[in-house]
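Please look over the model below before reading on. The briefing that follows takes up a helix, a sheet and some aromatic rings.

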Amino acid sequence: MIKVSESAKRRITDLMKEDGYDALRDYVRVGVKSGGCSGLSYELKFDKAQTDGDKLIEDNEIKIVVDKKSVLYLAGTILEYSGGLNGKGFVFNNPNAQRTCGCGESFSL
């Protein structure tokens, strides 16, 4: 469903710790919402609980929860992290996206 690269895992673990979350117990919530310059945009935040209808995905020791509406948009996506001088931060490599914006934060199908 959603894969987490090694660089994204390291950054997620660090950020969760900084924000008072535990990567072994808590979740990364990933979703899709309307908006952005290409029509749909990604959401990424931390959460301590699942809700009814969430799909739980575990990859590379990271627990990801995705709401029902977003599951279809995110199938096959790889979450990566690009740091450094030209780094973009978290990057969603989504095979379902037919068009993406220059910043990589929004897409269309």
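Two strands are taken to pair if DSSP finds at least two bridges between them, and helices (H or I, at least four residues) and strands (E, at least two) are DSSP runs numbered from the N terminus. By that rule S1 and S6, which run parallel, are joined by 3 bridges. This is a predicted model, in which local features need pLDDT of at least 70 and side-chain atom pairs count only at pLDDT 80 or more, while totals for chains, interfaces and linings use all residues. Residues are numbered from 1 along each chain as its sequence is written, and side-chain values use heavy atoms, with hydrogens and water left out.

**The sheet**

- The strands S1, S6 and S7 form an open sheet of 3 strands in the order S1-S6-S7, with mixed pairing; S1 and S7 are its edge strands, each pairing on one side only.
- From one strand to the next the twist averages 25°, where axes are lines fitted to C-alpha atoms, for helices over the stretch in contact, and angles run from 0 to 180 degrees between N-to-C directions.
- Within the parallel pair, Ile2 has Thr77 in S6 as its bridge partner.

**Helix H1**

- H1 (residues 6-18) has 13 residues and reaches 19 Å from its first C-alpha to its last, close to the 18 Å expected at 1.5 Å a residue, the expected span being 1.5 Å times one less than the number of residues.
- The buried residues of H1 (buried means under 20% relative accessible area, exposed over 50%, partly exposed in between, with a 1.4 Å probe and protein chains only) are Ala8, Lys9, Ile12, Leu15 and Met16.
- Because these buried residues cover an arc of only 140° around the axis, they lie on the same side of H1; the arc is that of the directions from the helix axis to the C-beta atoms.
- Lys17 and Glu18, on the other side of H1, are exposed.
- H1 lies across S1, S6 and S7 and runs at about 70° to S6, and the elements covering its buried residues include strand S2 (27-34) and strand S3 (40-47), contact meaning heavy atoms within 4.5 Å.
- Just after H1, Gly20 takes a positive phi of about 85°.

**Aromatic pairs**

- The whole structure holds 3 aromatic pairs, counted when ring centres of Phe, Tyr and Trp (its six-membered ring) lie within 6.5 Å, with planes under 30 degrees apart stacked, over 60 edge-to-face and the rest tilted.
- One of them is the tilted pair of Tyr21 and Phe46, at 5.5 Å centre to centre and 55° between the planes, which links the loop between H1 and S2 to strand S3 across 25 residues.
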